[in-house]
Amino acid sequence: MSTLEIKDLHVSIETEQGSKEILKGVSLTINSGEIHAIMGPNGSGKSTLAATIAGHPRYEVTSGSITLDGEDVLEMEVDERAQAGLFLAMQYPVEVPGVTMTNFLRTAKTALDGEAPKIRTWTKEVKDAMEKLRIDADFANRNVNEGFSGGEKKRVEILQLELFKPKFAVLDETDSGLDIDALRVVSEGVNRAHQENNMGTLLITHYTRILNYIKPDYVHVFVDGKVAEQGGPELADELEANGYDRFLAQVSA
Amino acid sequence: MTNTPAEQVAGVEVGERRISIPGFTEEGENLAEQTNAAADHSHGGLGESKPVTSGAGSRAKRQTGFDVADFPEPTGREEEWRFTPLKKLAPVLSDTPSDPEAVDYQISATEDVTVSSLSHGTAPRNSVLQPADRAAVVASKNAAEALYIQVPADTEVAEPIRVDITGLKPGGRANSHIVLEAGTHAKAVFVLEHRGSAAFNGNVEVKVGDGASVTVISLQRWNKDAIHAGQHDAEVGKDATYKHVAVSLGGDVVRLNTNFRYAAEGAEAEMYGLYFSDSGQHIEHRTFVDHNSPRNTSNVLYKGALQGETARTVWVGDVLIRKEAEGTDSYEKNQNLILTDGARADSVPNLEIETGVIEGAGHASSTGRFDENHLFYLMARGIPEKEARQLVVRGFLNEIIQKIEVPAIEESLQEDLENELEIHRN
């Protein structure tokens with residue numbers, strides 16, 4: 001059993017107008033096997049939380065802490081966080097020139113495990129995982145994300161999630177830009193990783209649609225850089241019916 | 001793939017239509033605009049936008065010849081010299097004889113290959129190469145004897161024929177002339193490997209017989225203080241194949257002109273280049289494909305990486321499809337990957353077409369940077385920074401390395417590239 005603990009996290013970014021605080025004291029605890037949905041309107045800081053957990057250099061933690069089983073995550077380099085078992089499925093996966101998917105997946109797996117995967121079983125594992133996510137076999141020979149459609153990029157993120165078997169995954173708006181079939185395929189991948197590896201999941205989304213496929217244990221409503229309310233799955237149903245107005249009214253009041 | 005409108009974050013396209021690297025547009029025109037306003041790409045050549053046919057700016061009208069007086073020392077304002085650091089290159093531009101102790105030549109070839117020398121005026125010397133700039137004309141004049149390596153007709157040489165050129169002292173002037181000839185239906189790989197320190201000025205001419213298959217690999221693995229100017233010209237025979245690969249990693253200034261033309265029809269000729277420029281290095285490649293006869297194919301691909309504040313590279317690719325060259329199929333491309341701030345790559349594809357009756361003529365250029373976002377993506381998958389950089393650079397340049405097809409050279413170049421990446425980290 002592992003625990004990812006975020007305590008009173010404050011995060012700023014540098015803008016042309018100076019430093020701007022995006023996260024204003026976020027606290028959240030996720031255990032292995034739990035699915036937490038973070039929902040909130042655009043600009044509430046959801047993606048900032050995701051990028052900060054992964055260690056994107058643009059985001060500066062001004063106070064608070066993130067720990068993984070008591071280890072200080074903020075002290076770790078980006079690659080060390082991944083090696084420790086954290087995975088970020090990105091909202092906008094980057095295209096990497098000159099590096100094939102096959103080469104990339106094997107290099108990453110080797111770095112994560114500290115040893116190269118056994119060629120024969122690895123090749124089969126990749127092939128099977130690609131089939132389940134309905135990713136065409138010739139994607140293996142293409143450069144990472146290069147020329148992939150939005151939906152294809154998201155599938156490839158989930159492919160990595162399944163192959164790398166992280167302890168905790170942060171899914172940053174993985175559902176955005178997906179049609180209903182792709183959404184189902186991607187959700188099945190997340191559910192498999194959840195069941196097979198007892199993965200803890202932080203599911204960041206703007207819409208409730210994905211929650212029809214990935215059932216959260218907890219729902220947190222994010223408004224203006226803070227958790228405004230938390231509850232069980234029923235909170236998502238309420239958002240579906242009433243939107244974010246109730247929470248936004250609290251902020252402006 | 002769906003065609004959705006571009007998503008933007010802070011004015012930068014981020015959605016699925018985003019190109020692989022900002023600026024990586026596969027279009028020479030865009031690049032030239034960014035890097036050099038004067039490098040207005042045009043089908044008239046040399047930046048002239050009027051539709052000239054073999055006009056004043058045309059590559060067809062470039063001065064060539066053997067009289068040094070026709071090539072005064074350049075000032076830097078000339079089209080073909082404006083990117084070059086002339087002060088640094090000056091030691092190879094003067095009309096100066098070779099220092100006999102400057103450079104050592106070692107030739108290794110199997111017994112079926114003939115090695116001899118050619119003095120001025122002895123054929124086939126000068127039958128292919130016409131000096132086209134100051135450097136080439138002074139090298140031609142001051143190289144009394146040319147090294148002549150001849151592969152007889154119908155001979156397939158099993159091992160690469162090597163010429164190891166080693167500079168023995170910094171600034172030591174060497175004028176060199178090498179004539180490579182492959183007879184009808186001969187097959188050979190020539191490797192010219194440059195190492196050490198020198199002020200080296202070397203011409204190479206390659207005569208590719210009808211139906212022959214010739215590869216010339218020129219490796220520039222000089223010490224940091226070396227200077228190298230060179231003109232490599234080939235004439236490709238009927239139904240022959242020719243491949244020239246230039247790899248420039250070392251040296252203070254390297255400036256190579258690699259060119260080919262055809263003797264008849266049905267030939268396939270290619271030029272590939274790989275370069276890696278560090279701080280303070282200037283690496284310049286100029287390619288010229290002269291489609292002077294019908295129904296030939298050409299392909300040019302140069303790829304370079306730049307790393308360090310003052311790293312500098314230049315690629316100028318000229319393709320001339322003459323009126324008589326009907327049925328030509330031609331393509332040229334240059335791609336650069338900028339790894340750090342402050343580096344500068346100039347890339348100028350020039351295409352002149354004098355006949356519409358061709359199979360194809362394409363050109364492309366792109367310069368992109370490996371940025372924080374690429375690094376973050378790879379590191380977020382557990383790949384350490386050093387390895388992430390290697391992965392990208394190796395992946396990018398591997399396309400050229402694979403063209404060499406001599407395993408020992410391919411392996412040693414992979415090592416060199418890893419060392420190049422190390423240099424910057426320390």
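**Close-up views of chains A and B**

**View 1. Helix α5 of chain A is mostly covered.** In this predicted model, 14 of the 15 residues of α5(A) are buried. The helix runs over residues 150-164 of chain A. How far apart should its ends be? At 1.5 Å a residue, a helix of 15 residues should span 21 Å, and the end C-alpha atoms are indeed 21 Å apart, so expectation and model agree. Right after α5(A) comes K165(A), with a positive phi near 50°.

**View 2. Chain A meets chain B.** Here you can look at the contact, to which chain A gives 26 residues and chain B gives 28 residues. On the side of chain A that touches chain B, the elements giving two or more residues are α2 (78-84), α3 (101-113) and α5 of chain A. The largest share, five residues, belongs to α3(A). Sorted by class, this side of chain A holds 14 nonpolar, eight polar and four charged residues.

**View 3. The largest nonpolar core has 187 residues.** Which of them touch the most other members? They are A54(A), L88(A), A89(A), A169(A), V170(A), V208(B) and V236(B). Strand β7 (residues 187-208) of chain B supplies the largest share of this core, eleven residues. From chain A, domain 1 (1-94 + 167-182 + 201-253) and domain 2 (96-147) each add at least three residues. As a general rule, nonpolar side chains tend to be buried together in soluble globular proteins.

**View 4. A closer look at L88(A) and its contacts.** Leaving aside residues up to four places away in sequence, L88(A) touches A50(A), I53(A), A54(A), V170(A) and D172(A), along with A380(B).

Definitions and conventions: Residues numbered from 1 in each chain as written. Chains lettered and ligands numbered in written order. Predicted model: local features only at pLDDT ≥ 70, side-chain atom pairs only at ≥ 80, totals over all residues. Helix = DSSP H or I, 4+ residues; strand = E, 2+ residues; numbered from the N terminus. Expected span 1.5 Å × (residues − 1). Buried ≥ 20, exposed ≤ 12 C-beta atoms within 10 Å, placed from the backbone. Contact = placed C-beta atoms within 7 Å. Nonpolar A, V, L, I, M, F, W, Y, C, P; charged D, E, K, R; others polar. Core = buried A, V, L, I, M, F, W, Y, C linked by C-beta atoms within 7 Å. Domains from an automatic or database assignment.
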